[in-house]
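This report introduces the salt bridges of one protein model and the surroundings of one arginine. Please look over the sequence and the structure before reading on.

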Amino acid sequence: MIQITTLTAFLMTAFSLAELGDGFGMYFDMYLLAQGWGETSVILSGILRGVVDLCLKGVVGDVVDKTHYDRRIFLGITSLAIAASSLMVFFVDGADTSDKILVYVVRSIESIALAFLGPAFAAITLSAFGPEMFDSMQVQRELVSHAGSILAGVLSGGVAWSLYPDIEAVFVLPALFAVGAIFFVRYIPRGDPLMGRGFHVRTDARDEQGCVVDTHEDEPEPEASSYWEVFSDKRILGIVAADVFHVIAEANVGLIFNETLAGVGTYSNNDDDDGDDDYSDDDAVMSRSAIPLLATAGIAAQIVMIGGTYLVGHLTSRGYGRKPFYVLHLAVHPIRVLLLLLCLYFEAGNAWLVSTELVGGLTGAFGIVNAFMRADIVFGSGRFNVVDGFQATIRGVAGTSSSFVGAWILENYGPFTALVISFFIAIIPPVVGYVFVPETLGMREKDFKEEKEQERIEKHMLVVVEKPTDEVGGGQRVTGAYVEMSDAATTTSSSSSDEDSANNGNANVLAASPTTSAQLKDGLV
C-alpha cells in the first residue's frame, strides 16, 4: 500500500485546487461570446458573481474561524460545488433569457463555494503546520499551484484545440481536479483547530512528520480580539487601501487581453482568409488559432510566477523584508498596462501581446507577501480568516463597481481608452503601499492582543499635572502629581522636589513606556 505523507497530501491538494477557482475563466467568457452574448452580459455575469462573493467573504471568514467542524469537510464540499458549476455550460446553447438566468444562478452558487475555498485551505494550512511554517508552506503551495495551472493550461488548450469548436469539453477538467482535492485533503492532519484561526503564535509540539499536535484540546477557547480592533488597525487599512486601487486598475484588463488575442468582441480582427479552418466567419466567435495563444499566455504567466515565488520565498526566509516585494507587486501592474497600450497602438503581433503576460506574472509572484504581511500583523488575534474576508470584501466592492464602470467605458469608448484610464489609476497603489504600509518583518513574534494591550497602555499615557499644593515644612511645596488616565480609574502618585517648585504650573504630557506604566500600576514610581 502506498504511504502518503502529510507534505505530499498538502502539495497534491494545492495542485488539485490550482484550477478549481478561475483557471478556465478565459474560456468561459470566450464561450459565452461565441454563443452570442454581448460583452455587457458577459461582464454582468462576472459582476453578479462578484456581488455574491463580496457579500459572503467576511461572513465566510468568520464562519471558518469560529467553526468546530472539520475544515477539510468544507474544502471537499466546496470542490464538488465548483466542479458541478463548471459543467453547466453543456446546458447553455444561446443567449436567450433562460440561458442567462441559468448562467447567473450557477455562477452565484459557484461564488458561494469559491468564498469558502481560500479561507478553508488557509485555516487547514495553519492548523496543520503552525505559524512558524506558514510562510514556507505558502510558498510551496503557490509553487505547486502554478505547476497545476500549467498542466491545466496544457490540458485545456489541447482539449479545446482538438475538439474545436466544441470547447465546452474544457469544463469537464475541473471535475477531475475536484476529485484529486477531495482524495488528498483527507491525509492532511487536522492539527490545532484554534491555531487555524490565528490563536497560539507558537507551536508547543509536533509529530514525527513535523505537523502540529493539538496540546490545547482540553483548554477553554481564548477570547478573540474585537472586530473593530483588527479592522481598524492602521497597517491592515493601509494594505486594503492599496489593494482597492490595484483592483480598480485591473478592471477589464484581462477581458481586453483575452478578446484581443482571441479576435472577438470590441477588438476583433478576424480577417483571415482561412476562415474555414477556424470555423469562424464573424467577430463573435473565437478562432481556433486563438486557443494556443490563450494557453501559451497563461502558461507563460505561470512560469514567471513559479520563478518569482521561489525567489520571494527564498529571500524572505533569509531575513529580507516583505515591503520591497509588496511595493514591487503593486508597481508591476502599470508597466503591464502600458505594454498592452503600446501593443494596441502599434498593432503589434500576438507574440508581443502574449509577452505582456510575463510581466503580469510578476504581479502574482510578488503578491504572495500580502499573505505574509497579514499573518505578521494579526497572528494571535483569533481573527485571521475574518481579516482575510474583510480585505477580500473591500476588494470585491472595488472590483465589482469598477468592472461595471469599465464595461461602460469599454463598449462606448473602446479598449484603448479603457486601458489609458486603468494606467493612470494603476500608478496610485504603489504610492499608497510605499507611504502607508509599514515593514512587517518580525511582527509575528508578538501576539496581536498583547500588542493592542500595550498600545492601550501607551495611549492612556502619564500626565504630569504640576500645580501648587499645601505647603510643607521648610517652605517646600509638593508638586508634580503623576496621573495615569485609564477607562477604569485614575491612579495618582505624588512626589516632591525643590527643583519642581520652580516650574510654572503648566501641564506636561509624558508618553509612558510599557515598563514605566507597569511600575506606576504597582506603585513603584
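The count of salt bridges comes to 19. The model is a predicted one, and the values below are computed from it.

**Three salt bridges**

The table sets out three pairs, with the distance between nitrogen and oxygen and the relative accessibility of each partner.

| Pair | N to O distance | Acidic partner | Basic partner |
|---|---|---|---|
| D62 and K66 | 3.2 Å | D62, 16% | K66, 40% |
| D243 and R395 | 3.9 Å | D243, 1% | R395, 30% |
| E453 and R456 | 2.8 Å | E453, 35% | R456, 35% |

The salt bridge between D62 and K66 lies within helix 3, which covers residues 39–66. The two residues are four places apart, about one turn of the helix. D62 counts as buried because its relative accessibility of 16% is under the 20% limit. K66, at 40%, counts as partly exposed.

The salt bridge between D243 and R395 has its closest N and O atoms 3.9 Å apart. This pair links distant parts of the chain, with D243 in helix 9 (residues 234–249) and R395 in helix 16, 152 residues apart. D243 is buried at 1% relative accessibility, while R395 is partly exposed at 30%.

E453 and R456 both belong to helix 18, residues 448–459. Because they are three residues apart in that helix, about one helical turn separates them. The closest N and O atoms of their salt bridge are 2.8 Å apart. E453 is partly exposed at 35% relative accessibility, and R456 is also partly exposed at 35%.

**A network of salt bridges**

Which residues are linked in a network of salt bridges? The members are D233, R235, E451, K452 and E455.

**The surroundings of R383**

R383 is found in the loop that runs between helix 15 (369–378) and helix 16 (384–426). Is R383 buried or exposed? With a relative accessible area of 8%, R383 is buried, because buried means under 20%.

Apart from neighbours within four places in sequence, R383 is in contact with D62, D65, K66, R197, A224, S225, Y227 and V230. Among these contacts are D62 and K66, whose side chains meet in the salt bridge of 3.2 Å described above. The loop residue R383 is thus in contact with both partners of that pair, and both partners lie in helix 3.

Notes:
Residues are numbered from 1 along each chain as its sequence is written. This is a predicted model: local features need pLDDT of at least 70, side-chain atom pairs count only at pLDDT 80 or more; totals for chains, interfaces and linings use all residues. Side-chain values use heavy atoms; hydrogens and water are left out. Buried means under 20% relative accessible area, exposed over 50%, partly exposed in between (1.4 Å probe, protein chains only). Contact means heavy atoms within 4.5 Å. A salt bridge is a side-chain nitrogen of Lys or Arg within 4 Å of a carboxyl oxygen of Asp or Glu.
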